[in-house]
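Got your viewer open? Let's take a short walk through this one, stop by stop.

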Amino acid sequence: MPESVLDASADAHVALPITGMTCAACARRIERRLTHAPGVRQANVNFATKRATVEYDPRETDVRALVKTVEAVGYGVLEPPRADVAMSGDDQQAAAERAEVRDLWRRFIVAALLSAPVLLIAMSHGRIALFNVRLINWVQLALTLPVIFYSGWPFYRGAWTALRHRAADMNTLIATGTGAAFIYSLVATIAPQLVTTATHAAMPGMQGEMVAPVYYEAASVIIALILLGRLLEARARGKTSAAIKRLLGLQARTARVVRASQEVDIPIEEVMVGDVVVVRPGEKIPVDGVVLEGASAVNESMLTGESMPVEKHTGDEVIGATINETGSFKFRTTKVGRDTVLQQIVRLVEEAQGQRAPIARLADVISGYFTPIVICIAITTFVVWFIAAPADARLTYALVNFVAVLIIACPCALGLATPTAVMVGTGRGAELGVLVKGGAALETAHKLQTIVLDKTGTITKGTPTVTDVLTADGFQAAELLRLAATAERGSEHPLGAAIVARAREQGVELASAVRFNALAGHGVEAEIEDHNLLLGNLRLMEERKVELNGLGARAAQLATEGKTPMFVAVDGTGAGLIAVADEIKPDAAAAVSALKRLGLEVLMITGDNEQTARAVAREVGIERVLAQVLPADKAAEVKRLQAEGKLVAMVGDGINDAPALAQADIGIALGTGTDVAIEAADITLIRGSLSGVVTAIKLSRRTIQIIRQNLFWAFIYNTLGIPIAAGVLYPFTGWLLSPVIASAAMALSSVSVVTNSLRLRRFKG
């Protein structure tokens, strides 16, 4: 039965590729409208990725309605990729971004070529004879018109769209500033008597003819510089998504499928669940599946980070994008398209990049109100200079400073400060095997104080083996093992599986259990051949008042050796002990040591008894142990730690860890664990290694450091730039900021923020 039928009421998610966004204020406007749309649970619009991530109730709305909501605000939406089709590196959004860059290049080249002579004329100040002609202002007008109406047209169109929706954004600032300079210059060219005064000096050689000053260079050069800034920004922003492109590049393009008894090569998009696929040595495995026949060694380093190939035989799972190294084999596909492991990793990274870190909220709020405030400051600047400046130059001073304030105040850097760092940070994390589900998790991780590590499957390998079979008087080891394995044959617990495996290794023939009952956190009980059998921990024996026959002391000794002793009771009497040990992961001790060096308190939580738990903890360097904790109580223990005022991370891999992972401030799941645990976690470690926890926390701290640097410089830039542009230094130094210099500084600020974020690509972990 399809998942949608099983849970029709579940909220749906969609990522909408947005076109037409030019600044953080655009993103905020779209997000606000989507958030208030019917049926929408949550909406995040990321200016850096140009995506809107929307969670909605499919019973109340659909993707088409969401697209109309975005279009109603004045922006466009590319068709979202279908859920059953794997994304490619050449998807619609990538093509749209390339088209946008080409368009920016064309507009910039026109603006640059035509602005250069205008700037040269303006800088000559009438001292170059070639430019000392009566129609020089008309020449400048002719050169500036294409810049305004072709190169700068997107700014004016965006400003008009914002105005229609009673809003203001970066386009408003650019359009108002350059438009004011152009309109003033146009009037001065057509009707100079309207803007000149008797005190204006005549240009040399013009026979006293009155020629009004014009500012075409302010309008045309500003547009050229802003376009250049956007080009550099687009190129830098493209690098922030390089991680996803590299992940997608791992995917095979074709698959050799058996159709009508013939092997045919087909595009990977056409592979269906249930197809039989043939893989030869050296080829990439196209999709996920299960081996039907043949054997080989597969390089799974892209998923696990382990360089050693993994042997694959009939019944083993294979993962798409891994590399078949030796033999040939056939496998039946189980997951295709966007359901494959690789595509799910890509989806997690995309969703993480689409979400906003809490630290960005201040910048978002400021960006939303910034433009109207700047317009007010610019108008005030104009009025003050018009009143205070000398009468013969008041309009000139007022206009130049008005334009400079509008141009330098564009809040692009502020809007890019957080999302670019989150994009690069989460992308780099994915390359290192750390999948962070969003900006919020990335930010919270840097503030963690306590790390709680589950024992089995996290500190240890999770594949325990039987080490000792000890019996009480009157019982035989082989019989004890036979009864215990018979009882555990119906259990899914790893300790039970170890007992069954040992019995099969020794060729023990198992009986049939008449009755079986799993006792969560305690053990199992069963009825076998008219005997009542209990198999479990000391707590179970005490609750059932079992006579231990001296087994307690022997169990304590086993526990001090780091082994888990399981009591076996037959008909209410202690019959023996079966000790099981789980090998500690090679990097566990080093990871714990590294976490401590980061200033974190490290705890271990387990359902094992105190002695066994402490033996394992000692071996890896953990002092504080929470032992004999039932699965249902793990979340309560995490909550208790939080009640002490600590920010807690829980690291686990099993289904019974899912509630604790969800309860923790940050849940970290090992990718080798269950899907339930991974879904409940905020961070997933693909490689199943504890060193990934260290990498995740270091990455979080480095990313937040970069974000703070970005926000600091963005705030400082606007805080210092606006007063200087308004002319506050003029009374003391005689300095005024040219609108051309202001536009260059504005473009440089955005590029510098993105470039600073790109330093995260060199993060080593």
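**Start with the whole thing**

Show everything as a cartoon: the protein has 28 helices and 26 strands. Keep in mind as you look around that this is a predicted model.

Now colour by burial. Of the 765 residues in the protein, 53% are buried. Switch on a surface and you're looking at about 33500 Å² of exposed area, with carbon and sulfur atoms supplying 57% of it. How do the contacts run along the sequence? Taking contacts between residues at least 6 apart in sequence, 69% join residues at least 24 apart.

**First stop: helix α8**

Select residues 216–240, which make up helix α8, and find Ser 220 there. Is Ser 220 buried or exposed? Ser 220 is buried, because its relative accessible area is 0%, and the cut-off for buried is under 20%.

What does Ser 220 touch, if you skip its neighbours within four places in sequence? Add Ser 115, Val 118, Thr 144 and Val 147 to your selection: Ser 220 is in contact with each of these.

**Next stop: a charged pair**

Side chains of opposite charge can pair when their charged atoms come close. The structure holds 24 salt bridges, so let's pick some out.

Select Asp 57 and Arg 59 and show their side chains, which meet in a salt bridge with N and O 3.0 Å apart. Then compare how the two partners sit. Asp 57 is buried, at 1% relative accessible area, whereas Arg 59 is exposed, at 58%.

**Last stop: a network**

Jump along to Glu 644. Which residues does Glu 644 pair with? One partner is Arg 640, in a salt bridge with an N to O distance of 3.5 Å. Another is Lys 646, where the closest N and O atoms are 3.1 Å apart.

Check burial here too. Glu 644 counts as partly exposed because its relative accessibility is 41%, which lies between the 20% and 50% cut-offs. Arg 640 is also partly exposed, with 36%.

Now widen the selection to take in Glu 601, Arg 624 and Glu 637 as well. Together with Arg 640, Glu 644 and Lys 646, these residues are linked in a network of salt bridges. Leave the side chains of the network switched on and trace the links for yourself.

Definitions and conventions
Residues are numbered from 1 along each chain as its sequence is written. This is a predicted model: local features need pLDDT of at least 70, side-chain atom pairs count only at pLDDT 80 or more; totals for chains, interfaces and linings use all residues. Side-chain values use heavy atoms; hydrogens and water are left out. Helices (H or I, at least four residues) and strands (E, at least two) are DSSP runs, numbered from the N terminus. Buried means under 20% relative accessible area, exposed over 50%, partly exposed in between (1.4 Å probe, protein chains only). Contact means heavy atoms within 4.5 Å. Accessible areas come from the Shrake-Rupley method with a 1.4 Å probe; for residues, only the protein chains shown count as cover. A salt bridge is a side-chain nitrogen of Lys or Arg within 4 Å of a carboxyl oxygen of Asp or Glu.
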